[in-house]
Amino acid sequence: MKPDKLTIHDLFQKERRYVVPLYQRAYVWNEEGQWEPLWEDIERQAEACLESEGLVAKRSHFLGAIVLNVSKIVGAGVARSEVIDGQQRLTTLQIFIAALRDFSGMAGSHHLAKLKRLTVNEDEKLGSDGSFKVWPTNADRALFKTVLSAGSPESLLKSLGVAAGKAPRLASAYLYFSRQIATFVGSDIDEDGRDHRILALLQALRTSLQLVVIELEDGDDPQVIFETLNARGQPLLPSDLIRNYIFLNASHDASIDADALYDGYWRIFDDERVEKPVNGETRFWHIEERQGRLKRPRIDLFLFHYLVMQTEHDLNIGQLFSEFRDWRARSDDTVEALLQDLRFHSANFRSLIEPSGDGRVALLARRLKSLDNSTVYPLLLYVLGLSAERLSVVQRDRILDDLESWLIRRFVCQLTNKSYNRFFVALLAKLKRAGDDVDLADVVREELSRSREVTARWPSDEEFLAAWLTKPLYAKSRPDRSVMVLRAIERQIRTKRNENVGLPEWLSVEHLLPQKGELEDYPIPTDLELPEGETGERRRERLIHTAGNLTLLTTELNASASNGAWPTKTKKIAIDSDLRLNAWLRVEPPSTWAEHDIIARGRELFEFARTIWPRPQSDTDEELPSSDDEPDDAAEKGVWRFTDAELLQKTRAAMTQALATREGVSLMSDGVARRKTADGAMRVALSISKLYEDRPDFPYWYAYHPDQDEYLGGAEKGFFVLGCMDRDEAFAIPLDVMRPLVGLLNSTTREDSGRVHYHVHLAERDGALALLLPKASSHLSVAPFRLSLTPASQPEAVSV
């Protein structure tokens, strides 16, 4: 890896295309997170140019790092570099320059031609793909071309047919920078004054705004490097890495049209939109869904469940990409066959996460979402993907009926779900290995019925009834689960004589015996036999959330009827509720409501529940005790420390002095190995290594901690400074250079605390010190970041 420092002007004035591969993510930067900080950097440097002689700022400003894979020039085309990391930054800078160019054109500036050369490869035909300096990923190209060619904000909005507040992200970036430029230049000065301020912005690009440009060399693997890089603190999704893996490999095969494959099979995962944003996200496959305690984008969840279906292994979603890569390496299928299969199964996955209609699959999918159970998805993907010749609709629905019964009965009985993932993977494997003449519905039923263990048994009618009558169905934290069960019963109660009226979407649970009812309205009966040690009050607490005491009402009716006396409450429900669950209150409702009524109604509702969720009976049905999780063991790891505190203190002082002198600032202590400016705009983390003579492969060793990263990230400018006890030099690595490299370092996680640190090694490479990047089998020269420690400030080197 070869680093170099270039100004924005130097980067873009070359006749070169910076091409973002099709597998990279779409444009995601926004005003608050990135545009505004970038503009503040540009504006600050432009003001510094205005204040200096010769329009040259006294100090340069570092905007970050980009990683490029330089391609060989083929034919007469313009030179090309593939953007491995930094595509968001490059795209945004081009949009800013285009906005400045268009403003200059409208203002009649003398500097228009200079700005045009920064956005157009003049050797290419104007408007052709090759004429654009930056060529973004496929999903953004059409819009980017429109933005760069618009000529003005008004023309852009007209061509898009939208108002400013409704413009897509790339267009919004152009509009934002256009506004900022107009404000900076001003409208109350003469033409020469405006031109002078436009020149100040151009001078900032030419002289003081810099990037560290890292070019890959022969032997550097762009795939490995891409997999672990972050973009401005936004980690790559597993689906980003998988898309990269698929299409990067495809692009290396001359017989494959990677663009056509992307357009035909994958583009929908990036581009499909929904009408109403969900938490600000409009891309269907990037909307987050709950899986357990966490939420993840739909595309990541689909790829995870698809991979479990294919591998028949209980996988860790945190290792999704590496698991996919390993599986793919063992597969003989072509890239197109893989993409066809993904598209086929994505339709079935969609039917699970966004069910529509009243079909059997949709009904199960809605109930699974209430149960918050996705461990069965790989099995369902396989079942739903089978042909009608292999699995008839009748057989399929029988499988879905049995799976739903098994899950609902276990939910009502409050049996553990901690082994569901392994259980369903094992069931999936049995289905996939079943002979062609085997009824798969029989295989599923046999497996669901076989186990007597608490982790996998299918509760009998007796166990189901006992739980139905005595265990709480309603939980305040998840009322949707009891709503799901009661909606199923309402659906079952209806007959052909009832109107086919759909249930309202937002029904809420109502407790017939109110949770906060007055005791005089709902006295505790004294004629019920109580189990030993249980009081009447405790029994009421236990039964009040069981199925027999629950019904469904609209939210408005629930609020008006909730805690009233029984006669008043039942009258309101009878008048306003049309649900069959509440029809009994319109005939001859009981005059009171107490525990024995709850149990009796529970038994009545159970007959419907047993019909909805049947189970084959067995002569060996029995109840088995549950078991508890066992705690994990913990182990400690040792640590090492320097022992000469005075020597370390002197070395840190020398490093601090050298960096402060170079940056033209004054640094103060902010901890043992941390420094900052008084205004907090710059922060420094110091780290020192002795020379490990017994380790020639990495003689200098440092640790980089997440809390150091967080500390440095809290300032406008941050440096991770590496010192060597036996050298008169140190290396101040900017945070924006360090961050993308962290993923290429080895790391250690302490078992006792879970804290992680990354191993930073310096070693001689090509006659100079370099930072080793073991996960990329590469290195980065640290020469551009060198600080010279003066003899007066550098302590004598000693063995530590």
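In what order do the six strands of the open sheet lie?

1. The order is β13-β14-β15-β17-β18-β23, and the pairing in this open sheet is mixed. At the edges are β13 (668-669) and β23 (786-788), each of which pairs on one side only. Note that this is a predicted model, so the confidence scores in points 4 and 5 belong with any reading of the sheet.

2. Within the sheet, β17 (residues 717-724) and β18 (residues 729-734) run antiparallel and are joined by five bridges. One residue pair can be checked by eye: V721 has A732 of β18 as its bridge partner. Helix α27 (residues 706-713) packs on the sheet, where it touches β14 (674-676), β15 (682-689) and β17. The direction of α27 makes about 150° with that of β15.

3. A further helix, α28 (residues 735-742), lies across β17 and β18. Its direction runs at about 80° to β18.

4. For the chain, the average pLDDT is 87, and 90% of the residues score at least 70. Among its elements, helix α16 (residues 377-385) has the highest mean pLDDT, 98. The lowest, 60, belongs to helix α9 (residues 222-228).

5. Two stretches call for separate mention. Over residues 619-643 pLDDT stays under 50, and the model has 32 contacts beyond four places in sequence for them. Residues 792-800 also stay under 50, with 20 such contacts in the model.

Terms used:
Residues are numbered from 1 along each chain as its sequence is written. This is a predicted model: local features need pLDDT of at least 70, side-chain atom pairs count only at pLDDT 80 or more; totals for chains, interfaces and linings use all residues. Side-chain values use heavy atoms; hydrogens and water are left out. Two strands pair if DSSP finds at least two bridges between them. Helices (H or I, at least four residues) and strands (E, at least two) are DSSP runs, numbered from the N terminus. Contact means heavy atoms within 4.5 Å. Axes are lines fitted to C-alpha atoms, for helices over the stretch in contact, and angles run from 0 to 180 degrees between N-to-C directions. pLDDT is the predictor's confidence in each residue, from 0 to 100.
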